[in-house]
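Me: I'm new to this one and would like to understand the words people use for it. Could you show it to me and let me ask about the reasoning?

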Amino acid sequence: MHPACGNKKVIENSLNDLNTRFVASPDEIRAHLAQAVGQANVEATMARVSGHLVAATKGVQTEQSLDDHEYVSRIDSVGRFQSILATVFQDVPGLQGYGDKNPIWLTTLVESAAHNVKSFFDRTRHDVVGGQPLWAALISELAKLPADGYLAPFPPGTPPTIQMPDDVKIALLADWGGDNPAARRVADVVRKQSPQIAIHLGDVYYGGTESECNTFLNLWPMPKPWKGSSYALNGNHEMYCGGQYYFQVILGAFQQPQSFFCLENKYWRLIGLDSAYNKGTLKPRSADDPVTAQWNWLIDLLKIKDAKANILLTHHQPVSAHRPEWLASEVLRAEVNEILNMEGVGKDSIFGWFFGHEHRCAVYDDAATSFNARLIGNGCIPHLVQTEKDSDEGCTPFKYCNRKPIAGDPNAAVSSFAKLHFEGYEVQIDYLDEDFCTLGAETWSQKTGRSDPRFPFQEYDAQQGESERSPAGV
Ligand SMILES: [Fe+2]
């Protein structure tokens, strides 16, 4: 990520400048693209890049606020444009060296006026492409992206269930793939916990490009080898490039054959699902839909009658306290209800469910849901401090949300992850933030069930020291 790319005005003005160049100087762009993709492909590439710019412009102008402190679009064309803008800005030495909060001067320049943007984009990207103007570098990067609507093949087959120890620490990071100071601080805290397994619940920003997926791996907090210790779920941002770099780069590095998996021990079963390939849903849309394998595999797992309790992991939220996200998850909610009402599947067969996508943290009211629902999407994206007292009307009530600001900015909320320490039939869950503080903790017991009142979620505000703090009552 690049700090300037989180400013919506920067995105808008950058798009406007490039759109203007397509109209005013098509021959100049044609000549540039001829060098980049060859004469035979110029017209098709021009049309594709121009279409992308127009779609992104429309998207950025119409997208509603997501309560993010920095702008991270959920529109594929805008996300892809943010990716290439960040890539080009990161390659310009003159735009570096101002620290993590940098560069205010760049934001001001690109934000201020169209003629400033034009002169800025006429400057050169010295290091990589030898004097190429910034506008040309941006066009080149756009031309490299997969075509709009490209969908990488869904990996075939179903994964074997992987055994894990009965005593095991697992770090769950969601919406963490942002390559920003918060992501690096969260990674440091993860390393201090020395988990045996870490799982990313999806979203590599901005558009899941090849370079962003490689950066994700460079920052991943687990030591190599990654096979068996590291897993990654698919997110909507990975799908902005059709999912191909998530499948090839990240799953390849983790030696994870599918975008869904199951880990189990004597007492628990962790089921990771790809909710992003079909845009926040799980159920196949047709007989030949490739996600059919995952759907049937999930149903078979939930039909198993044994002493294990099932915890689901997805990128997308099945519930929400906020009306837009609650409405967006209606289909997923209906699909889960359909599964829970199937013959052979118990209505209580899902004990808990961790998910991201919303850049917030919430512990939902277990009495209001058919599983313990936990939102941990505050993995690294600076988002507004949560001030809500109650859920929106008709939406999912919550017991806790993240009201802690980062140091130095009362409006930006702290990022965190969840550490799950499985110890036999219990799992202690700590919500640890980027400052190495514990936001809260709870213990689930699959022996006594979801309604066990002994270890409810408790909010903490203590610095975590060398020895682990335990929830009250333990
Ligand atoms: Fe997401």
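Reply: Gladly! One good place to begin is the crossing of α4 and α8, which is right-handed. Keep in mind that this is a predicted model.

Me: Which residues make the contact between α4 and α8?

Reply: From α4 come Ile84, Leu85, Thr87 and Val88, and from α8 come Leu134, Ala137, Leu138, Glu141 and Leu142. By kind, the contact of α4 with α8 has 7 nonpolar residues, 1 polar and 1 charged.

Me: What makes Glu141 of α8 count as charged?

Reply: Glu is listed with Asp, Lys and Arg as charged, so Glu141 in this contact is counted there.

Me: Why are α4 and α8 called oblique to each other?

Reply: Helix α4 (residues 76-90) and helix α8 (residues 134-144) pack at about 130 degrees, their axes 9 Å apart. Roughly perpendicular covers 65 to 115 degrees and roughly antiparallel starts over 145, so the pair is oblique.

Me: Now the sheets. What makes β6 and β19 edge strands?

Reply: The sheet is open, with 7 strands in the order β6-β5-β4-β16-β17-β18-β19 and mixed pairing. β6 (230-232) and β19 (458-459) each have a single partner strand, so one side of each is left without a neighbour in the sheet.

Me: How do you know that β17 and β18 pair?

Reply: Pairing takes at least two bridges, and 7 bridges join β17 (residues 426-433) to β18 (residues 438-445), so they pair; they run antiparallel. Within this pairing, Val427 has Trp444 of β18 as its bridge partner.

Key. Residues numbered from 1 in each chain as written. Predicted model: local features only at pLDDT ≥ 70, side-chain atom pairs only at ≥ 80, totals over all residues. Helix = DSSP H or I, 4+ residues; strand = E, 2+ residues; numbered from the N terminus. Axes fitted to C-alpha atoms, helices over the stretch in contact; angles between N-to-C directions. Parallel < 35°, antiparallel > 145°, perpendicular 65-115°, else oblique. Left-handed = near helix turned anticlockwise from the far one by under 90°. Contact = placed C-beta atoms within 7 Å.
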